[in-house]
Amino acid sequence: MLGHSLLKIRPAISVLRSYSSAAKQMTVREALNSALDEEMSADPKVFLMGEEVGEYQGAYKISKGLLEKYGPDRVLDTPITEAGFAGIGVGAAYYGLKPVVEFMTFNFSMQAIDHIINSAAKSNYMSAGQMSVPIVFRGPNGAAAGVGAQHSQCYASWYASCPGLKVLSPYSSEDARGLLKAAIRDPDPVVFLENELLYGESFPVSDEVLDSSFCLPIGKAKIERKGKDVTITAFSKMVGYALQAAEILEKEGIDAEVINLRSIRPLDRSTINASVRKTNRLITVEEGFPQHVVEESFAYLDAPVERIAGADVPMPYAANLERMAVPQVEDIVRAAKRACYRVVPLAAAA
Amino acid sequence: MATMNWRNLGAYADCFLSLGDTGTQSGSLIDFPATVLMARNKKISKRNNGDSDMRKKMVETREKKMGTAFSPSKFAAQPFPLNTTSQNNPLTIPTTASPFLGSTRKLIRLSSSSNLNLRRRSGTVVKENKSKSTPNLLITKEEGLELYEDMVLGRAFEDKCAKMYYERKMLGFVHLYNGQEAVSTGFIRLLKQQDSIVCTYRDHVQALSKGVSARAVMSELLGKATGCCRGQGGSMHIFSREHNMLGGFAFIGEGIPIATGAAFTSKYKREVLKEADCGHVSLAFFGDGTCNNGQFYECLNMAALWKLPIVFVVENNLWAIGMSHLRATSVPQIYKKGPAFGMPGVHVDGMDVLKVREVAKEAIGRARRGEGPTLVECETYRFRGHSLADPDKLRDPAEKAHYAARDPITALKKYLIENSLANEADLKAIDKKIDEVVEEAVEFADESPVPPQSQLHKHVFADPKGSGIGPDGRYRCEDPKFTEGTAQV
């Protein structure tokens with residue numbers, strides 16, 4: 001199938017079953033940029049704020065061209081004061097504007113976490129519906145390459161454990177575009193976790209995705225690859241790894257179903273449960289420190305749930321240690337085989 | 001007029017000091033925003049002519065108040081350029097200009113098109129040194145050579161890092177210190193081993209100045225087990241307990257409370273634990289971008305409140321990645337923030353190692369004597385981009401050229417030679433020696449092994465085998481002795 005040949009050329013591409021395979025290529029960076037551009041032009045209340053988003057064209061070039069188009073009143077270069085500008089964003093949202101606050105990486109959001117949780121997430125509840133906070137906090141999340149412990153943490157589990165926040169994590173360009181548009185239009189605080197290493201990756205996008213009113217629903221996962229033997233759930237960069245693992249498993253006769261969670265909170269339990277009830281085996285993959293587990297389909301499980309996560313250590317710097325601290329494709333393959341009771345004797349671990 | 005004359009002022013603590021006012025015609029950083037914005041706001045002030053007198057009065061009363069907070073010194077009332085006309089009082093600029101100051105591109109264009117004096121200090125270093133080297137020179141030959149060697153080590157090491165990064169032997173983020181060596185050398189060479197320093201991610205050269213070996217730092221950057229943090233920290237997280245280099249922090253502003261805490265410990269040891277001679281000083285190094293972060297102000301307050309032995313060293317290189325200091329800060333003169341919290345704020349030319357050293361001597365001395373903290377703003381410049389991944393397109397090449405001409409190493413070299421403290425041959429020998437040291441460090445790092453797999457889980461906790469595992473290999477919580485308590489369970 002054409003889809004498969006595309007997969008061979010670029011291993012990280014998701015198999016888009018419902019769209020024509022003769023599609024336009026778009027990088028995640030372009031997807032995010034176009035989503036921001038379209039939302040800012042559609043609604044004058046939307047503005048972007050963050051470090052280096054303006055003149056520097058974005059620390060990772062996501063906001064390229066926006067300053068020229070919308071001016072310094074809507075694309076604000078801030079001083080280095082996350083607590084301050086996140087708070088200013090929340091205040092603006094209280095009064096009806098729709099800020100998009102960019103953190104250079106989500107590690108820096110820790111300086112602002114008080115505002116994300118206490119003034120954004122909890123406000124609608126504390127005020128009994130009076131103060132809704134239509135704000136988006138976005139930025140790269142998780143490990144890059146060789147950037148050390150303070151630049152590599154995955155914050156999905158931290159933010160996903162807080163009621164009042166919606167947490168999204170796109171994988172492909174289609175996800176990036178649709179979810180960012182949905183996040184900006186959403187009346188609640190959204191934490192949008194991107195991934196630095198995915199920014200440059202290209203994915204095919206259909207015309208529907210390129211339409212300016214395209215929007216993905218929040219809270220729905222996507223089945224990237226249908227299968228019947230084992231379910232692998234993942235988000236962000238790990239979806240790419242899971243797809244690679246699925247290919248390796250296919251050669252060994254294991255047909256894996258890969259679910260791209262897209263939305264961490266609210267988690268799409270129904271899709272995951274339906275899948276597990278079909279395959280009876282579940283493997284969850286995440287880059288960060290171990291967290292979430294779905295227990296509702298317990299009765300349908302033929303094997304214990306395999307949770308693959310990052311090592312329970314701050315990210316080391318040395319390249320070989322860093323590789324060991326995050327899940328790799330081989331880990332997913334091994335776990336799938338274990339779940340299918342085809343255990344490969346583990347050689348003196350790599 | 002005597003330059004470097006603050007020695008004559010007596011009690012340093014009472015002075016609202018600016019070393020920039022040498023009384024000569026050229027400006028200092030204080031002038032920079034004013035002179036540049038002056039030209040731009042000529043147009044705006046023409047519009048707001050009527051209010052300028054009232055604003056001028058407001059400014060004057062404010063200045064008078066600031067002047068009396070500390071004993072009236074000739075410096076207090078006149079921080080601003082000497083050539084201001086009444087219409088263009090720079091203090092009013094933030095209120096007349098729109099809240100969005102606009103792009104640096106505008107500022108840069110202005111500065112290159114007008115005859116603004118962008119020079120921060122009068123003349124060249126040598127001229128000044130000649131005039132201030134009255135009977136005694138500021139340094140002896142040994143000190144001079146030591147300073148030279150330290151700065152050259154910093155420069156050679158950073159250049160080697162750049163080379164290795166482009167050869168893909170070094171990964172991740174690498175932030176280089178080229179151009180700022182005078183600050184590191186000027187301050188750190190005055191410290192004792194037990195004094196501590198804390199930096200941001202631009203920490204290679206401070207670590208070297210403090211005494212961490214080039215081998216250990218280079219191995220760390222290549223992620224080898226022989227690195228100072230065994231490959232677990234990386235470029236941005238150089239730690240050394242032995243040399244009291246307390247890091248290496250990726251978040252700017254994060255190191256300042258750490259340094260303040262180290263200073264607190266020093267005071268605590270002296271006063272509570274009665275370790276009589278504990279006069280250890282802490283230095284916190286950080287940049288201009290950090291001065292807009294809340295942690296900076298919180299620590300200025302507490303350090304002054306508790307009279308902690310700390311010196312806050314601002315390496316103001318005017319740029320925070322691509323964000324110009326002037327676009328990000330309402331009051332760009334960082335040294336002024338010291339007196340607001342009750343400590344002296346000093347402004348010094350960070351491209352001149354001898355000036356930095358003189359200020360450092362006084363500030364460190366003050367801290368050691370228990371007189372409290374000092375805020376020192378060093379005007380300096382980084383010759384390379386923010387990191388090796390930074391395309392560095394926003395900085396004006398004229399600005400870069402201006403500072404490249406004031407390279408601290410070349411300046412010191414000139415000083416040493418012209419004052420007969422050393423000759424070309426001595427300095428060349430040092431250059432050669434440093435090249436060999438750096439080469440050897442690279443070889444050592446290349447030949448070192450990568451960390452073993454077993455190291456992944458080590459040192460998460462202080463337990464010897466990490467992750468809660470005790471010396472006998474079992475989990476500590478399984479050891480009955482460990483879980484012994486006095487409660488009846």
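The following exercises, each with a worked solution, concern a predicted model with a chain A and a chain B.

**Exercise 1. Domains of chain A**

Find the domains into which chain A is divided, and describe the span of chain A for which UniProt places a feature.

Solution. Begin with the division of the chain: chain A is split into domain 1 (24-210), domain 2 (222-290) and domain 3 (299-350). Next, turn to the record, where UniProt, in an unreviewed entry, places the feature "domain: Transketolase-like pyrimidine-binding" at residues 26-201 of chain A. Finally, look at the make-up of residues 26-201 of chain A, which are 36% helix and 16% strand, and whose end C-alpha atoms are 8 Å apart.

**Exercise 2. Where domain 2 meets domain 3**

Describe the contact between domain 2 of chain A and domain 3 of chain A, and name the element that gives the most to the domain 2 side.

Solution. Start from the placement of the two parts: the centres of domain 2 and domain 3 of chain A, taken over C-alpha atoms, are separated by 14 Å. The contact takes 25 residues from domain 2 of chain A and 25 residues from domain 3 of chain A. The second step is the area, and here it helps to know that the size of an interface is often given as the accessible area lost when the parts come together. Between domain 2 and domain 3 of chain A, about 2,300 Å² is buried, with carbon and sulfur atoms giving 67% of that area.

The third step is to look for polar links. There is one salt bridge between domain 2 and domain 3 of chain A, and there are nine residue pairs in polar contact between these domains. A salt bridge joins the side chains of Glu252(A) and Lys337(A), with an N to O distance of 2.8 Å, which lies within the 4 Å that the rule for a salt bridge allows.

The last step concerns the domain 2 side of this contact. The elements of chain A that give two or more residues to that side are strand 10 (230-234), helix 10 (237-251), helix 11 (269-279) and strand 13 (282-285). Helix 10 of chain A gives the most, with seven residues. Sorted by class, the domain 2 side has 15 nonpolar, five polar and five charged residues.

**Exercise 3. Where chain A meets chain B**

Work out how many residues of each chain are in contact, and which three residues of chain A supply the most of the area that chain A buries against chain B.

Solution. Count the residues first: 41 residues of chain A are in contact with 45 residues of chain B. The two chains bury about 3,300 Å² between them, and 61% of this area is on carbon and sulfur atoms. The three residues asked for are Glu55(A), Gln150(A) and Tyr317(A), which supply 23% of the area that chain A buries against chain B, more than any other three residues.

Then consider the polar links across the interface of chain A and chain B, where two salt bridges are found. Arg327(B) and Asp77(A) meet through their side chains in a salt bridge, at 2.9 Å from N to O. The interface also holds 13 residue pairs in polar contact.

To finish, examine the side of chain A that touches chain B, to which strand 3 (75-77) and helix 12 (319-325) of chain A each give two or more residues. Helix 12 of chain A gives the most to this side, with five residues. By class, the residues of this side divide into 24 nonpolar, ten polar and seven charged.

**Exercise 4. A salt bridge within chain A**

Explain why the salt bridge between Asp188(A) and Lys166(A) ties together parts that are apart in sequence.

Solution. Over all chains, the count comes to 44 salt bridges. In the one between Asp188(A) and Lys166(A), the closest N and O atoms are 3.1 Å apart. Asp188(A) lies in the loop between helix 8 (173-185) and strand 7 (190-194) of chain A, whereas Lys166(A) lies in strand 6 (residues 166-168) of chain A, so the pair ties together parts that are 22 residues apart in sequence.

**Exercise 5. Backbone exceptions**

Locate the cis peptide bond that leads to Pro266(A), the one that leads to Gly248(B), and the positive phi of Ser236(A).

Solution. Recall first that most residues other than glycine have a negative phi, and most peptide bonds are trans. The bond from Arg265(A) to Pro266(A) is cis, with omega near 0 degrees, and Pro266(A) is in the loop between strand 12 (263-265) and helix 11 of chain A. The bond from Gly247(B) to Gly248(B) is also cis, with omega near 20 degrees, and Gly248(B) is in strand 2 (residues 245-248) of chain B. Ser236(A), although not a glycine, has a positive phi of about 55 degrees, and this residue lies in the loop between strand 10 and helix 10 of chain A.

Methods: Residues are numbered from 1 along each chain as its sequence is written. Chains are lettered from A and ligands numbered from 1 in the order in which they are written. This is a predicted model: local features need pLDDT of at least 70, side-chain atom pairs count only at pLDDT 80 or more; totals for chains, interfaces and linings use all residues. Side-chain values use heavy atoms; hydrogens and water are left out. UniProt positions are given in the numbering used here, feature names are shortened, and annotations may be inferred rather than shown by experiment. Helices (H or I, at least four residues) and strands (E, at least two) are DSSP runs, numbered from the N terminus. Domain bounds come from an automatic or database domain assignment. Contact means heavy atoms within 4.5 Å. Buried area is the accessible area (1.4 Å probe) that two parts lose on being put together, summed over both. A polar contact is a pair of N or O atoms within 3.5 Å; within protein, one must be able to donate a hydrogen and the other to accept it, and residues adjacent in sequence count only if both atoms are side-chain atoms. Ala, Val, Leu, Ile, Met, Phe, Trp, Tyr, Cys and Pro count as nonpolar, Asp, Glu, Lys and Arg as charged, and the others, Gly among them, as polar.
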